[in-house]
Amino acid sequence: MTAAWRTARLTGTLIAGMLAGAPAASAQGSGTVGIEPERLYGNTCAFCHSRPFPPFPAPELRGRNLDPATITFFVRHGPGAMAPFRASEISDEDLNRLGAWIAASPAPPKPVLPPMPPSQGAKP
Ligand code: HEC
């Protein structure tokens, strides 16, 4: 994560705190509460990790027998190009349930894409 990106996220949190009329510190550790893992995955991770068609920004996580502890570690620390999620965004409890859900999830079916109409195909 670049310093600029970190600053942008921090600034966003501060502004959100000010708009809500609450001190920014009160947002610490108060992320999602009791959200279903499947919904959390769909809302938060699938945009990058489970796209049905290219571009694929990130590898599929389901059906790989990943260790739940590895998943939660990566979410908190942000490997490579992925930004980390803090406890003020995803609570520890919800993250643990998400890790277990991803680890137990089967691989999604391979997408079957219709052929692209010639008029919308890539230009040579
Ligand atoms: C904005 C896009 C984006 C979002 C949203 C995102 N990730 Fe990632 N994630 C990535 C990218 C890109 C990588 C690969 C990083 C690298 O290897 O450089 C990655 C890597 C990972 C890895 C390591 C996988 C591997 O095969 O190395 C895990 C585990 C992971 N993400 C979990 C999650 C979870 C769980 C969520 C939702 C809470 C999530 N990510 C949300 C982009 C994203």
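Helices (H or I, at least four residues) and strands (E, at least two) are taken here as DSSP runs, numbered from the N terminus. On that basis, the chain holds 4 helices and 0 strands. The model is a predicted one. Read from the N terminus, the order of elements is α-α-α-α.

The chain has 124 residues, of which 10% count as buried. Contacts between residues at least 6 apart in sequence were also examined, and 69% of these join residues at least 24 apart. Mean pLDDT for the chain is 80, with 73% of the residues at 70 or more. Residues 5–27 fall below 50 in pLDDT. Beyond near neighbours in sequence, this stretch makes 10 contacts in the model. Where pLDDT is low, predicted coordinates should not be read in detail.

The ligand has 18 residues around it. Cys45, Cys48, Ala58, Gly80 and Met82 come nearest. Two elements, α2 (37–49) and α3 (68–77), each give two or more residues to this shell. The top contributor is α2, with 5 residues. By residue class, the shell around the ligand comprises 15 nonpolar and 3 polar residues. No charged residue is part of the shell.

Helix α2 also meets helix α4, which spans residues 92–104. Two packed helices are described by the angle between their axes and the distance between the axes. For this pair, the axes come within 9 Å and cross at roughly 90°. Angles of 65 to 115 degrees count as roughly perpendicular. Helices α2 and α4 are therefore roughly perpendicular to each other. On the α2 side, the contact involves Pro37, Glu38, Leu40 and Tyr41. On the α4 side, Asp94, Arg97, Leu98, Trp101 and Ile102 take part. The contact of α2 with α4 divides into 6 nonpolar and 3 charged residues, with no polar ones.

Two backbone features fall in the loop between α2 and α3. The first concerns Pro55, which lies in this loop. The peptide bond from Pro54 to Pro55 is cis, and its omega is near 0°. The second concerns Asn65, also placed in the loop between α2 and α3. Asn65 has a phi near 60°, a positive value in a residue other than glycine. Asn65 has 8 other C-beta atoms within 10 Å. A residue with 12 or fewer such atoms is exposed. Asn65 is therefore exposed.

Two C-alpha pairs link positions separated along the chain. Ala69 belongs to helix α3. Its C-alpha atom is 10.0 Å from that of Leu95, although the two residues are 26 apart along the chain. Ala69 counts as exposed because it has 12 C-beta neighbours inside 10 Å, and the cut-off for exposure is 12 or fewer. The other pair involves Leu113, found in the segment after α4. The C-alpha atoms of Leu113 and Pro52 are 8.9 Å apart. Along the chain, Leu113 and Pro52 are separated by 61 residues. Leu113 has 9 C-beta neighbours inside 10 Å, so this residue counts as exposed too.

Conventions: Residues numbered from 1 in each chain as written. Predicted model: local features only at pLDDT ≥ 70, side-chain atom pairs only at ≥ 80, totals over all residues. Near = placed C-beta within 6 Å. Nonpolar A, V, L, I, M, F, W, Y, C, P; charged D, E, K, R; others polar. Buried ≥ 20, exposed ≤ 12 C-beta atoms within 10 Å, placed from the backbone. Axes fitted to C-alpha atoms, helices over the stretch in contact; angles between N-to-C directions. Parallel < 35°, antiparallel > 145°, perpendicular 65-115°, else oblique. Contact = placed C-beta atoms within 7 Å. pLDDT = per-residue confidence, 0-100.
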